[in-house]
Amino acid sequence: MAKKEEVKQMAPVEFTDADGNKLTLWFTRATIMKMDREHFTANTIQEQLEVEQIAPLVKLTWYGLWANKPDVTMEEAEELVFAVGLENISNLVVEMYMYTFDTLRNGDGKNAKWTMVK
C-alpha cells in the first residue's frame with residue numbers, strides 16, 4: 001500500500017518582548033508579491049548573502065513582519081533579529097519565506113478555486 005505524502009503546514013510565529021509588545025513573523029502571498037515587485041527575491045537574497053551575512057536576513061525578517069504590521073521599521077526587524085539571535089532566526093525566516101513562495105510557484109491544491117481540465 002502506497003504511503004500518503006505528508007503535507008507540511010506552517011503557521012505564523014509570534015514574538016513578545018518584556019513589555020508585552022508582539023510581533024508576528026509570517027509571509028503571505030501579498031508579502032511575496034511585494035518582495036518580487038521590489039526585486040528582493042530568492043535569487044537576490046542568495047546573492048546578497050554571499051556578500052553580507054546580516055543585512056539580507058534583517059531585510060527578509062522585515063518583510064516577514066510586514067504582513068501583520070505594515071508600519072514595521074527596519075530597526076524593529078534588526079532588534080528582533082539580534083534579540084532572538086541570527087542563527088536562531090535565519091533558518092526560520094528562510095523556511096517560512098520558501099514555504100509561501102513554493103505555494104505560489106506550485107499552486108495550492110488544497111485551497112484552489114480553479115482546476116485545470118486537460
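Ala42 is partly exposed, with a relative accessible area of 26%. That value, like the others in this talk, comes from a predicted model. Ala42 belongs to helix H2. Setting aside residues up to four places away in sequence, Ala42 touches Tyr97 and Met98. There is also a distance to mention here: Val94 is 52 residues from Ala42 in sequence, yet the two C-alpha atoms are 9.2 Å apart in space.

Now the overall layout. The protein has 118 residues, and 30% of them count as buried. It contains five helices and two strands. Starting at the N terminus, the order of the elements is β-β-α-α-α-α-α. Take the contacts between residues at least 6 apart in sequence: 63% of them join residues at least 24 apart.

Next, helix H1. This helix covers residues 29-37, and its buried residues are Thr31, Ile32, Lys34 and Met35. Why do these residues line one face of the helix? Looking down the axis of H1, the buried residues fall within an arc of 160°, so they sit along one face. The general background is that an α-helix has 3.6 residues a turn, so residues three or four places apart point the same way.

What do the buried residues of H1 pack against? Their partners are helix H2, residues 42-51, helix H3, residues 55-66, and helix H5, residues 86-106.

Thr31 is one example from H1. Its relative accessible area is 0%, so Thr31 is buried. Beyond its neighbours within four places in sequence, Thr31 is in contact with Tyr63, Trp66 and Ala67.

Just after H1 we come to His39. This residue is found in the loop between H1 and H2. Is His39 buried or exposed? His39 is exposed, with a relative accessible area of 63%. Its phi is near 60°, which is a positive value in a residue other than glycine.

Let me move to two residues of helix H5. Phe101 lies in this helix, and it is partly exposed, with a relative accessible area of 25%. Phe101 and Thr28 are 73 residues apart along the chain, and their C-alpha atoms are separated by 8.9 Å.

Leu104 is also in helix H5. Leu104 is partly exposed as well, at a relative accessible area of 33%. It touches Arg29 and Ile32, again not counting residues up to four places away in sequence. For Leu104 and Ile32, the separation is 72 residues in sequence and 8.6 Å in space, C-alpha to C-alpha. Ile32, you may recall, is among the buried residues of H1.

On to the core. In soluble globular proteins, nonpolar side chains tend to be buried together. Here, the largest nonpolar core has 25 residues. Which of them touch the most other members? They are Phe27, Met35, Leu60, Leu65 and Tyr97. The elements giving two or more residues to this core are strand S2, residues 22-25, then H1, H3, helix H4, residues 74-84, and H5. H3 gives the most, with seven residues.

Two of those well-connected names have come up already. Met35 is a buried residue of H1, and Tyr97 is a contact of Ala42. For Leu65, the contacts are Leu23, Thr24, Leu25, Val72, Ala77 and Leu80, leaving out residues up to four places away in sequence.

Last, a pocket. The second largest pocket holds about 230 Å³ of space. Its lining is made up of Phe15, Thr16, Asp17, Asn21, Lys22, Leu23, Glu76, Glu79, Leu80 and Ala83. Two of these, Leu23 and Leu80, were named a moment ago as contacts of Leu65.

Which elements supply at least two residues each to that lining? Strand S1, residues 13-16, does, and so do S2 and H4. H4 provides the largest share, four residues. By class, the lining has four nonpolar, two polar and four charged residues.

To go back over the main points: the buried residues of H1 line one face of the helix. They pack against H2, H3 and H5. H3 gives the most residues to the largest nonpolar core, and H4 gives the largest share of the lining of the second largest pocket.

How values were computed. Residues numbered from 1 in each chain as written. Predicted model: local features only at pLDDT ≥ 70, side-chain atom pairs only at ≥ 80, totals over all residues. Heavy atoms only, no water. Buried < 20%, exposed > 50% of the residue type's maximum accessible area, 1.4 Å probe, protein only. Arc of directions from axis to C-beta. Contact = heavy atoms within 4.5 Å. Core = buried A, V, L, I, M, F, W, Y, C linked by side-chain atoms within 4.5 Å. 1 Å grid on protein atoms, 1.4 Å probe; cavity = no way out; pocket = protein on both sides within 12 Å on 5 of 7 lines; lining within 4 Å. Points joined across faces, edges and corners; volume = space filled by probe spheres on them. Nonpolar A, V, L, I, M, F, W, Y, C, P; charged D, E, K, R; others polar.
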